[in-house]
Amino acid sequence: MIESATFHVISTELVVGSFALAGLCFVLHSFVSMRKSKTQIRFVLDATAHVALLFGFLALPFAILSGMAASPSGTHTSPLLVNKMLLSTGGGGLALGVLYARWKMYDDGSSMHLHNAFGALSTACMLLTASLGGTYSRGDSFTESLTYVKTNTLLMPTWMSIAVIAIILAALLFRRFSAVKHG
Amino acid sequence: MRSKLVLLLVLSLLLPLHVSGNKGGVGNGLEDMQCGGACHGDANQNATSNLQFNLLQPESVWVGQPTELTVQISGFGVLHDVDQVGVFLLSSTNANGDIPTSNGWEILSDGFGGVNNYIEYSSVDSPTLSHTWILRPDEIGQKTLYVSVHHGDNTGSNAGRPFSGVSQPFLVSVEPIPDNLPRLHPDYKPPTSREIGQTTELCIATIDTDDVTIEWREPLGSTYQANTAQAGDCWTAELPAALSASTLEWRALLDGEGPQQSTPWFSLTSVEPPWEADETALRLQSIAHVIFFFGLVLLVRKPNRVHEDSKQYETSLDDGPDFVSNEHPPLPPEGLPQGWTMEDWRVYGLDYLEGRL
């Protein structure tokens, strides 16, 4: 039987590799779009970014759950693990939003760069999460200088999390209702 | 452009080769010897450590009884200029499965409040480093132990490279327990750590023992006796609380029909209470993060209908009166509405004519 820690390493590498490819393609897509209007490379970069992001997003739950199982005392016992959890879910939310927006709302116009920026930001979240994992397991990583994330975390009270969820869902529903009414 | 891209890619590939060893250490843990070569960095970068090793052991090592094993490593500041050093106690050098617990030993104390075979010192102040483990053998016979280190070096031709070294084998002869020897119960496990401010209630199970005396001290400090009483199957004593992060040592003197025995000095480390967050709040915030960032991506974008509306509007313009070429809708017979400019009429005139304003 494969151990949780081993499975976490495998799934994490899938997530990080996929997100890194997606992030690179998002950035290049914006650069290419600024120089040339309609080219084949734009289409390839756009497709690659979103397929890689989708693959990484599908592997993300396995990485998070195996990471939780691999921590003997639980993710809530270390600020660094808490920050990893929050960063990975934040990056996951961004990725989900980018994928949904590409599917339902894609506009090859002014919002394209914003779309790419969100995609790149989700990659940044995942890479930072992975780097924190290096700090946790090896005591050394590119983010070694970020001492704040090792000892502090911005944990909200329960009621505030519920309020955030309610507000965002309400805003999304309102927007949908508004779009139907005037559309 | 292409040559710059190739140059960037080559530099990106070369960058990791110049990352030195794991300067932050990996923390105390149960580690195979393999970690001495690979955890620290690329195994191909390792240089051989010249540090000298010794293992001190008691005259008699009884099966099932705690045994004090002291590792001595010498040559710091002379052979190597070292900041941080990691020390292994190993039962083989196979680089796999060579933790003592894999070869008939139980680690009762690593001296740092844990039960690890690998410990790290963040600095070494003297030429010789001594560190003590408390182990318990579970079978009779000859056993082999090794000491291994990995560290860096601040000076010399190999400065900045990771160093790895391993000792010659040290033989430990595990003997059967003599009859009537006062001793600890083979299942007894001494506590290794506690929180600051907590007293520790010892409950020591023994065999062939008529009386027990508990002594405690600060490392290398004066020795004090704790009040000991027998309660059922164990001897109880209370060790005082620590006021700050520190280590207290204690041992038991066992009297019975056989010769008096003293256990090794067991280390009891006092640490800050562990950091802990509300698990429910964390999980809820994780869900909130997913929803918040998902919503953020969607909410900051213009909705599709704007785009579609503008297309519909453009289409309607194509089908409607041709005022675009005239730059504004036709003026009503009474002229511009009061207060309007031609610019206003150019933008909102159609809405005015169709009764939307």
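Here is a walk through the structure, going from chain A to the contact between the chains and then into chain B. Please keep in mind that this is a predicted model.

Let us begin with chain A. Its secondary structure comes to six helices and zero strands, so if you follow the elements from the N terminus on, you meet α-α-α-α-α-α. Chain A has 183 residues, and 37% of them count as buried. You can also look at how its contacts reach along the sequence: among those between residues at least 6 apart, 75% join residues at least 24 apart.

Two of these helices are a good place to pause. How do α3(A) and α4(A) pack against each other? Their axes lie 8 Å apart, at an angle of about 155°. Because that angle is over 145 degrees, α3(A) is roughly antiparallel to α4(A). The crossing in which α3(A) passes α4(A) is left-handed. Sorted by class, the residues in the contact of α3(A) with α4(A) are 14 nonpolar, 11 polar and one charged.

Now step outward to the place where the two chains touch. Chain A brings 45 residues to this contact, and chain B brings 37 residues. Which elements of chain A give two or more residues to the side that touches chain B? They are α3 (79-104), α4 (111-138) and α6 (158-182) of chain A. The helix that gives the most to this side is α3(A), with 14 residues. So α3(A), which you have just seen packing at an angle of about 155° with α4(A), also belongs to the side of chain A that touches chain B. The residues on that side of chain A divide into 23 nonpolar, 17 polar and five charged.

Chain B comes next. Here the secondary structure amounts to five helices and 21 strands. Of the 357 residues in chain B, 32% are buried. Among chain B contacts between residues at least 6 apart in sequence, 68% join residues at least 24 apart.

One sheet in chain B is worth tracing by eye. It is an open sheet of four strands, with the order β12-β14-β18-β17 and antiparallel pairing. Which strands are at its edges? They are β12 (183-184) and β17 (228-231) of chain B, each of which pairs on one side only. For β12(B), the neighbour is strand β14 (residues 200-207) of chain B, and the two pair in the antiparallel sense over two bridges. To find one of the partners, look for Leu184(B), whose bridge partner in β14(B) is Thr206(B).

The loops beside these strands hold two more details. As background, most residues other than glycine have a negative phi. Asn180(B), in the loop between β11 (170-175) and β12 of chain B, is a residue other than glycine with a positive phi, near 60°. Is Asn180(B) buried or partly exposed? Asn180(B) is partly exposed, because the 13 other C-beta atoms within 10 Å fall between the limits of 12 or fewer for exposed and 20 or more for buried.

The second detail is in the loop between β14 and β15 (211-217) of chain B, where Asp208(B) lies. Asp208(B) is not a glycine either, yet its phi is positive, at about 50°. With 16 other C-beta atoms within 10 Å, Asp208(B) is therefore partly exposed.

Notes: Residues numbered from 1 in each chain as written. Chains lettered and ligands numbered in written order. Predicted model: local features only at pLDDT ≥ 70, side-chain atom pairs only at ≥ 80, totals over all residues. Pairing = 2+ DSSP bridges. Contact = placed C-beta atoms within 7 Å. Nonpolar A, V, L, I, M, F, W, Y, C, P; charged D, E, K, R; others polar. Axes fitted to C-alpha atoms, helices over the stretch in contact; angles between N-to-C directions. Parallel < 35°, antiparallel > 145°, perpendicular 65-115°, else oblique. Left-handed = near helix turned anticlockwise from the far one by under 90°.
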